Amino acid sequence: MPAVTMGNVQGQGNASILRKDLGYKYPNDLNLLPGSKLHERLKNEILYRARESANVMSQRFDSWNDIDKILTSYISIDEKEKAVKDQDVRKPVSIVFPYTYAILETLLSYLVAAFFQDPIFRYEGTGPDDIVGAILLEKLVQVQCNKTKVALSLHTMFRDSMSYGMGITVPSWRVTKGFNQKRGLFGNVSGVEEVTLFEGNELNNIDPYLFLPDVNVAVHEVQKGEYCGWVNSTNYMELLSDEGNDESDLFNVKYLKGLKGRRTTIYSGDNSARNKKTGFSGSENQDVTFPIDVIYMYIKIIPSEWELSKSDRPELWQFALASDEVIIKARPAGFNHNMIPVTIASPDFDGYSTSPLSRLEMLAGLQGTLDWLFNSHIANVRKAINDMIVVDPFLINIKDLQSPEPGKIIRARRPAWGRGIKDAVQQLAVNDVIVVT
């Protein structure tokens, strides 16, 4: 299980940038300047919950890694098989029999055929006055689904649910801005103006390795938990662009530019085994790409106890903590449904577990048996196709016998001259191991 530590401003050498006042105006007249008492309290509350969740969820990583290796056909070879490959890359070594992968593809094919028929989301009116409105809403949502590629997100959700026992998505509202040329009366360009290129619903996938649920509730009861969050990897320019969007409610993003530690300490690096085959470590060149980890978390709180407002009733708030150091969002969720906007697909849940076993994990024993059977057969065939010969070196020239050239001449040594070589060379009998399918 990875070590989980708390963020430390002084330890990362970020104190100088965080002490500056960059002139931000915060919502509800709150003092969310980095380093302020309220800011530090909110930061610690988010990190405490994230650490609690990560300590439990990370215990599932080893089992999930085994699934990743199976689905990517990754297998580590020993020194003996490495020597075989070094001698001849065409010789087979141990493989992952694609039994689990075939089952996954079969399940996904069924789910895609069952759910990906246009329109994906269908609406019906409850009365005669709602018929036209329902038809228009259905058409509008389908256009947005096509624009934001919702089908791909749903495919990923289905795949994660079969592989890891849960597929997590977050519905959100996307606003894409752009610039158009402003033209004068005679068609001359007089400048540029910012315009809205697209606005609508989208569906974002959450990597199960980066999910931070309330571990005190079952996977299908996310709404009964006190919090739910996830880690999102993004970059400085993306956050800076979103900060300029009024709908995002982001602030304090400019403080991130001077930070030295921009990745979260809750989950260190890429904990999956998806890149074992390619050898990609998941680490980026932070001097060029400026990657930033953001912890997004919805928490049910009593605002008066957190010094956020005078309300003493439970409310759902949304927080975003970048680089474990800077709060960049803190506001009431403000949804009419008053629910945590996280959806989880868990087809094999048991009704009690926070992270149930997946359908592919249940096949681990059978997958291991098939791998062993086929790899035993490969090892035996590799041995069988190589001549195993017993030689009397007193009668036969060993160097001539070891030559791989066809049509070779094997010379007998002087003691065998005139006596024949019938008993000088004998091949051992090898029985092939047959795999029954």
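# Reading a predicted model

Guide: In this predicted model, Glu-81 touches Val-93, Ser-94 and Arg-382, leaving aside residues up to four places away in sequence.

Visitor: What makes these residues contacts of Glu-81?

Guide: The cut-off for a contact is heavy atoms within 4.5 Å. Val-93, Ser-94 and Arg-382 count as touching Glu-81 on that basis.

Visitor: Why is Glu-81 called buried?

Guide: Its relative accessibility is 9%, and the limit for buried is under 20%. Glu-81 therefore counts as buried. The residue belongs to helix α4, residues 79–87.

Visitor: Is Leu-137 buried, exposed or partly exposed, and how do you know?

Guide: Leu-137 has a relative accessible area of 38%. Buried requires under 20% and exposed requires over 50%, so a value in between is partly exposed. Leu-137 is therefore partly exposed. The residue sits in helix α6, residues 131–148.

Visitor: What makes Phe-121, Tyr-123, Leu-137 and Leu-140 a nonpolar patch?

Guide: Patch members need over 30% relative accessible area, and nonpolar side chains are joined within 5 Å. Leu-137, at 38%, passes the first of these conditions. Together the four residues have about 350 Å² of accessible area.

Visitor: What is unusual about the peptide bond between Asp-118 and Pro-119?

Guide: That bond is cis, with omega about -5°. Pro-119 is located in the loop between α5 (99–115) and α6.

Visitor: How do you know that β3 and β4 pair?

Guide: Pairing needs at least two bridges between the strands. Strand β3 (residues 211–213) and strand β4 (residues 227–235) have three, so they pair. They run antiparallel. One of the bridge partners is Trp-230 in β4, matched with Phe-211.

Visitor: What joins β4 to β5?

Guide: Nine bridges do, and the two strands run antiparallel, with β5 covering residues 291–301. At least two bridges are needed, so β4 and β5 also pair. Trp-230 stands opposite Tyr-296 in β5.

Visitor: What makes the largest nonpolar core a core, and how many residues has it?

Guide: A core is a set of buried nonpolar residues joined through side-chain atoms within 4.5 Å. The largest has 64 residues, and those with the most contacts inside it are Leu-256, Ile-295, Phe-319 and Ile-328. Strand β5 contributes its largest share, eight residues. Apart from this core lies another, of 17 residues, including Ile-67, Leu-108, Val-150 and Leu-363.

Visitor: Which residues does Leu-256 touch?

Guide: Leaving aside residues up to four places away in sequence, Leu-256 touches Tyr-236, Leu-239, Phe-290, Ile-292, Ala-322, Ser-323, Val-326 and Ile-328.

Visitor: Why is Ser-323 called buried?

Guide: Its relative accessibility is 0%, where buried means under 20%. Ser-323 therefore counts as buried. This residue is in the loop between β6 (315–322) and β7 (326–332), and has a positive phi of about 55° although it is not a glycine.

Visitor: What makes Asp-324 buried?

Guide: Asp-324 has a relative accessible area of 1%, against a limit of under 20%. The conclusion is therefore that Asp-324 is buried. Asp-324 lies in the loop between β6 and β7. Its phi is near 60°, positive in a residue other than glycine.

Visitor: Where else is there a positive phi?

Guide: Ser-73, just after α3, takes a positive phi of about 55°. Within α3 (residues 61–71), the buried residues include Phe-61, Trp-64, Ile-67, Asp-68 and Leu-71.

Visitor: How do you know that Pro-356 is buried?

Guide: At 2% relative accessibility, Pro-356 falls within the under 20% limit, so it counts as buried. Pro-356 is placed in the loop between β8 (343–345) and α9 (364–384). Its contacts, beyond four places in sequence, include Arg-60, Tyr-164, Met-166, Val-219, Ser-346 and Glu-361. Pro-356 and Ser-346 are 10 residues apart in sequence, and their C-alpha atoms are 8.0 Å apart.

Visitor: How much of the protein chain is buried?

Guide: Buried residues make up 40% of its 437 residues. The chain has 10 helices and 10 strands. About 25600 Å² is exposed, with carbon and sulfur atoms supplying 53% of that area.

Definitions and conventions
Residues numbered from 1 in each chain as written. Predicted model: local features only at pLDDT ≥ 70, side-chain atom pairs only at ≥ 80, totals over all residues. Heavy atoms only, no water. Helix = DSSP H or I, 4+ residues; strand = E, 2+ residues; numbered from the N terminus. Buried < 20%, exposed > 50% of the residue type's maximum accessible area, 1.4 Å probe, protein only. Patch = residues over 30% accessible without salt bridge, like charges linked within 9 Å, V, L, I, M, F, W, Y side chains within 5 Å. Areas by Shrake-Rupley, 256 points an atom, 1.4 Å probe, with all protein chains shown as cover. Salt bridge = Lys/Arg side-chain N within 4 Å of Asp/Glu carboxyl O.
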